[in-house]
Amino acid sequence: MKYTFLLLAAIISQSQVANSTPEITVNKTIKTEIKADSLDIFIESIMKKRQVPGLSLAVIQDGKIVKAKGYGFIDEMGKVPVTESTLFLAGSISKSVSAAGALFLVEKGKLSLDEDVNNKLKTWKVPENEFLKDKKVTLRGLLSHTTGLTVSGFPGYPAAGPIPSVGQILDGIPPANTGPVRVDFVPGSQWRYSGGGYTVMQQMIIDVTGKSFPGFMQETVLAPINMRESTFAQPLPADKARLTATAHTSDRAMVEGRWHIYPEMAAAGLWTTASDLARFAMSIQNGLAGKAGSILSQSMIRQMLTDQKNNDGLGVFVEGTGKNLRFGHGGRDEGFDALMTAGAETGQGVVIMINANDNSRMVGQILNAVAAQYQWEGFPVSKPIQRVAASVTPSQTAAFEGRYELDNNRMIAFQFENNRLYSLTDNLPDEEFVPLSPTQFASTDRDAIVIFTPDAKGAVTDFMWKTGNDQRKVPRIGPLFPNPKTIPDPNPGRTRQIEVALNAMAKGGKMVEETPGIADGTRRSYTQGARDLLGMKSIELVHSENVESRGIQRHGSDVSEIVTYRLLSGKPDQLVLVHLTPAGLVTDCDIVRK
């Protein structure tokens, strides 16, 4: 859900194509064919590397879909191939398509961008509070994430369980699994991503039109722009359910029931194909150019692509200006990731959909490969960097392996293999670093260098991260655990207290508010709970490391100790890294695979 276009853009700007393609001076038809083959090879290789079961791709060039293809299989069983018609959940790209429906109603005079939404809401209204004395929640604010509404995203609901109504979701009433959607800062004063805001918009569209949300979107958006495979229906009707890919989590396990159900349709509930989303992107391009094929006017699309705050337009993220203006969105639902990005005026774009949650640079690398192959105008294509590798031995690099705090709440792990240092994401190889010396390693993908400085005993507590002219220290969190073994627990009472705290953090709500042993900032961050911790039965001690002097912070608190436990739950081979403050309070945790 938080996998936004801007987040991907930050990663993409430093990614590159692993297999470069030389210029081929032959006729245009043959040249495109050869380029497509090279792209296929790259996609298949990176899917194998990242163990992603299936992928759907659609490439826009000169205002047309020039490549639409499925790769891999609908699930890890590897029997049913992904095709151009295989349905994937679009995650937060649903917001872009939903926004088009709301803007259609604005042009018809049924809604207003700058009116108090409570004037149109009938069955539910935004509760008044002190933040709404002078400013009100508006549709413009809903579409640009500037209303002050809470609830960033939604985990969805298991296919076999109860499904809440929109009203229950907005008020956080069970069986809703997220908190109530409420305003907690003055609208317009800042930007904060809110799927809750789009759920308010969903209810407003239902109230204004008197139609179901899937019915309205089918009639107004999907059918007119020929998104013939797509639907907002949740749950899926049987004829559509047979055409879906199966969702896989970051550990590549199949999601129980094949996928989750999202009654938060406007925010996260669109079932679609890469080709259909490409048609949506082309409808925006056509409308901006004053051509046929858009449900919105040229002037409305200009508003849609205008930065409201934080590079956020109305339903899409934007970057660049003039001919280099781009729009798009990223998406993540349970077991699905997606990216849509397109040039506003260039007639170019791409949609990438995968049936796994992948936290690596994979999607960004594929985008970069497409941009390179199709020679996108104004796109900052990264190119591979040639490195000359020095020879080092495992004994020289053993101390470098481990987990580090690259950014606040963002870990990077390193593993040494075959004279190379590899970053690990989701416990799978991601970026390759070539040794320049026994302590210095350089990325083959980008201008990034890692320098380790062992102490007199050979131990490492941090490394220097250099990108261009910038450099900073990155503190060590702890070792990798390829074969974790539990050890005698010198403080079983503390472990039980941590176990209680983790259970409260899993459930959120009043549990996390009232359970002792949790830092204040953590209570605020875990109000919606942490589904990765659900199902935890107990924990067993594996490792403890004092990190007091390393400058690690989580949720506003200094971290003095990181304790690693084996996590006993329904999922095998999981560890939980518990971050403790100097006072012994739990300030965060990370779930990792051994």
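I take two strands as paired if DSSP finds at least two bridges between them, and I number helices (H or I, at least four residues) and strands (E, at least two) as DSSP runs from the N terminus.

I note that this is a predicted model, in which local features need pLDDT of at least 70 and side-chain atom pairs count only at pLDDT 80 or more, while totals for chains, interfaces and linings use all residues. Residues are numbered from 1 along each chain as its sequence is written, and side-chain values use heavy atoms, with hydrogens and water left out.

Strand E10. I looked first at the turn and found that E9 and E10 form a hairpin with five residues between them, where Gly 347 has a positive phi of about 70 degrees. E9 (residues 336–343) runs antiparallel to E10 through six bridges, and Ala 338 has Met 353 as its bridge partner. I then found E1 (residues 54–61) paired with E10, also antiparallel, over six bridges, with Leu 55 partnered by Ile 354.

Why do I call E10 largely enclosed by the rest of the structure? Six of the six residues of E10 (residues 349–354) are buried (under 20% relative accessible area, 1.4 Å probe, protein chains only), so the strand is largely enclosed. Gly 349, Val 351 and Met 353 point one way, and Val 350, Ile 352 and Ile 354 the other.

Cores. I counted as a nonpolar core a set of buried Ala, Val, Leu, Ile, Met, Phe, Trp, Tyr and Cys residues joined through side-chain atoms within 4.5 Å. In the largest, of 89 residues, Val 126, Leu 139 and Leu 305 touch the most other members. A second, separate core of 25 residues includes Met 47, Leu 57, Val 59 and Tyr 374.

How values were computed: Buried means under 20% relative accessible area, exposed over 50%, partly exposed in between (1.4 Å probe, protein chains only).
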